[in-house]
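Let's take a walk through this one together, starting with the whole fold and then zooming in on a few spots. Keep the viewer open as you read.

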Amino acid sequence: MMNSDQILSEYLNVRGGFQPQVLPNQQAVTFISKETGIPQVWKWDVTTAEIQQYSNLPDRVLAAYHSPSGKQTIVGIDEKGNEKQQFHLLREKDLYTEELVVSKEHFHQFGGWSPDESKIAFTSNRRQPGYFDVFILDVETKTEEVVYQVDGNCTPIAWTKDGEHLIISMPETNIDQSYYILNLKKKELYKLFEGNSLARYQSLQQSNNGESGFILTDVGQDTLGIHQFNFKESSQLQELLTFDKWDIEEIKLSPDNSILAFTTNEGGISLLGIYDLTKQKHHYIEGVPSGVVESLTWLNDNELYFGLKSPILPGDIWRVSLNDNQVERVTFIGEAKEVQHLWQQPELCTFSSFDGLEVPYFLYGKKEEAQPVVVYVHGGPEYQIRAEYNPVIQYLAANGFAVAAPNVRGSMGYGRKYVKLDDVRKRMDSVADLKWLANDLVNTHGVDSERIGIMGRSYGGFMVLAALTHYADIWAAGVDIVGISHFKSFLENTGAWRRKLREYEYGSLKEDVDFFEEIAPLNHSDKIKVPLLIFHGRNDTRVPVSEAEQLTEDLIEQGKHVELIIFEDEGHQTEKIENHIKMNTEIVQFMQKFLKVQEVNFKS
């Protein structure tokens, strides 16, 4: 029989494999996994089914970018969770890595290999913290050239097929983008999809002829759908496939350009589809487990690989053969034989909020008994709780708690209208959703109204603090992880590269300071009635640690029950396993104490 600490360690040490990519010309698929404790690149051999480590770097790998031949790979890493990506070059012939693009005080965003793989593109904020200029680097000579200066944020998407242009995405709002073509010889920028209304654009795919392509956009509609375009007349978008209620999230063009693989997000659950470009018809692949499908990648015209996660599948690589529509799991990294029998499938529920809006949530727990409940609020806010493995939620559920994970108004995945329902001065409507969720849990699912806790990370941390200050009588305890305590101080202190885009969501320092003061949890801390546990990373570049320190100091002065734990070697995310164990041990013990839950004796 294992004790609770051993069980928690098992939950948190579940590895999983993510971001599969076919390694060109090698009959292999790479992916990222924490097999060694921090994320590194691993390779699965299609022929032998063997797995071997492909990178061995001192800090976490954020992404891998293979060259067209597969002989070289750019590996992006950061330092102590600070998200400042640096590039190392990994050569297939000897699998050693060398520093390629390193300026540790700055951010770098990869923009693709040139078709002849002699150069790479990237953007970096070296000139000014909020400005991301476009760089071209010669891989052999290591010479860099700034080819375009941008007084704002931008992300290179890819090189065009002729190797003479870059496709660049520039954010217009917190959710919308514009796409541009940068002529590398003339150093001139041309806008794609000119004349269309403000919209989301993502998952661009270029045809082999270099003249046309496919893209997901919600231009003129509420949800993301597949559109075809021609580079010379890009404003004329041809709609191929759109669903009224759900976003299509990702598309991947087959090597022979006859098929688009795609995923649809239906309420946080993925469907994997195939769109035949010749017949202009689509169908869904049967046999894919219910969960979240990501990172579509073709090995050949008939063999598609993808990553899949579900509440009981922490993440592995899967394959579908279009010849016989057979779906097969090819890696088993996410197996955890000691604890996987304890994992729960959630129920997808909805409740009607104060204004009649239907709000969805996933509910974990034993339906036959009244339970204490922890409301788990996601960050973003433009994010979505999905049907995927979450060790914290599963561990809470195994320890006798029900867990409700809502997608309150403002969440992604339900169309443009839904995601904008909490913008700027509608912010507190989403907090009100949490109150109505608590009511629904009591009235519909019989949870104990005296034992409702709430926790959240990042923006979810703000939601926790806002709920504790504006609906103080509902909650028994709160946990705030890297949360925002005052939008004014957050916007003043966050990275300059993020401020403008965050202002589209939260409001601006110029026009909305009065509203920030009105809703700030820091200004209403006297209303907090219950114990509060706070975590933060010292190296957080998104939400500065000062957000946690100023609130803790204020609550201590009031004599309130508050605990602050700062991880000196973490940023906005918590990566190191020892910190995960400490944080989640503290969270469960905290909730057990104040929601009055007995410690569970686990049977292995």
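Here is a short tour, from the overall picture down to single residues.

One thing to keep in mind from the start: this is a predicted model. Counting up the secondary structure, you get 36 strands and 10 helices. How does the radius of gyration sit with what a compact globule would have? For 604 residues the rule gives a value near 25 Å, and the protein comes in at 24 Å, so the two agree. If you lay the C-alpha trace along its principal axes, the spans are about 65 × 55 × 45 Å.

What about the inside and the outside? Of the 604 residues, 61% are buried. The protein exposes about 23,900 Å², with carbon and sulfur atoms supplying 45% of that area. Looking at contacts with a sequence separation of 6 or more, 53% come from residues 24 or more positions apart. As for charge, there are 58 positive and 88 negative ones, yet their mean positions lie just 1 Å apart.

Now to a couple of hairpins. Take strand β21, residues 247-253: 5 of its 7 residues are buried, which leaves the strand mostly covered. Its antiparallel partner is β22, residues 259-266, and 6 bridges link the pair. Within that pairing, Glu 250 faces Thr 263 of β22. The hairpin has 5 residues between the strands, and there you'll find Asn 257 with a positive phi near 65°.

Further along the chain, have a look at β29 (residues 347-352) and β30 (residues 358-364), an antiparallel pair joined over 6 bridges. Here Thr 350 sits opposite a proline, Pro 360 in β30. This hairpin has 5 residues between its strands, and Gly 356 takes a positive phi near 90°.

Last stop: Glu 547, which belongs to helix α9, residues 546-557. Is this acidic residue buried or exposed? Its relative accessible area is 1%, so Glu 547 counts as buried, given that the cut-off for buried is under 20%. Which residues does Glu 547 touch, leaving aside those up to four places away in sequence? The list runs through Gly 483, Ile 484, Ser 485 and His 486, then adds Ser 489 and Phe 490. Ile 484 makes a nice example of a partner brought in from elsewhere in the chain: Glu 547 and Ile 484 are 63 residues apart in sequence, while their C-alpha atoms are 5.8 Å apart in space.

Key: Residues are numbered from 1 along each chain as its sequence is written. This is a predicted model: local features need pLDDT of at least 70, side-chain atom pairs count only at pLDDT 80 or more; totals for chains, interfaces and linings use all residues. Side-chain values use heavy atoms; hydrogens and water are left out. Helices (H or I, at least four residues) and strands (E, at least two) are DSSP runs, numbered from the N terminus. The radius of gyration is taken over C-alpha atoms; the globule rule is 2.2 Å times the number of residues to the power 0.38. Buried means under 20% relative accessible area, exposed over 50%, partly exposed in between (1.4 Å probe, protein chains only). Contact means heavy atoms within 4.5 Å. Accessible areas come from the Shrake-Rupley method with a 1.4 Å probe; for residues, only the protein chains shown count as cover. Lys and Arg count as positive and Asp and Glu as negative; His and the chain ends are not counted. The place of a charge is taken as NZ of Lys, CZ of Arg, CG of Asp or CD of Glu. Two strands pair if DSSP finds at least two bridges between them.
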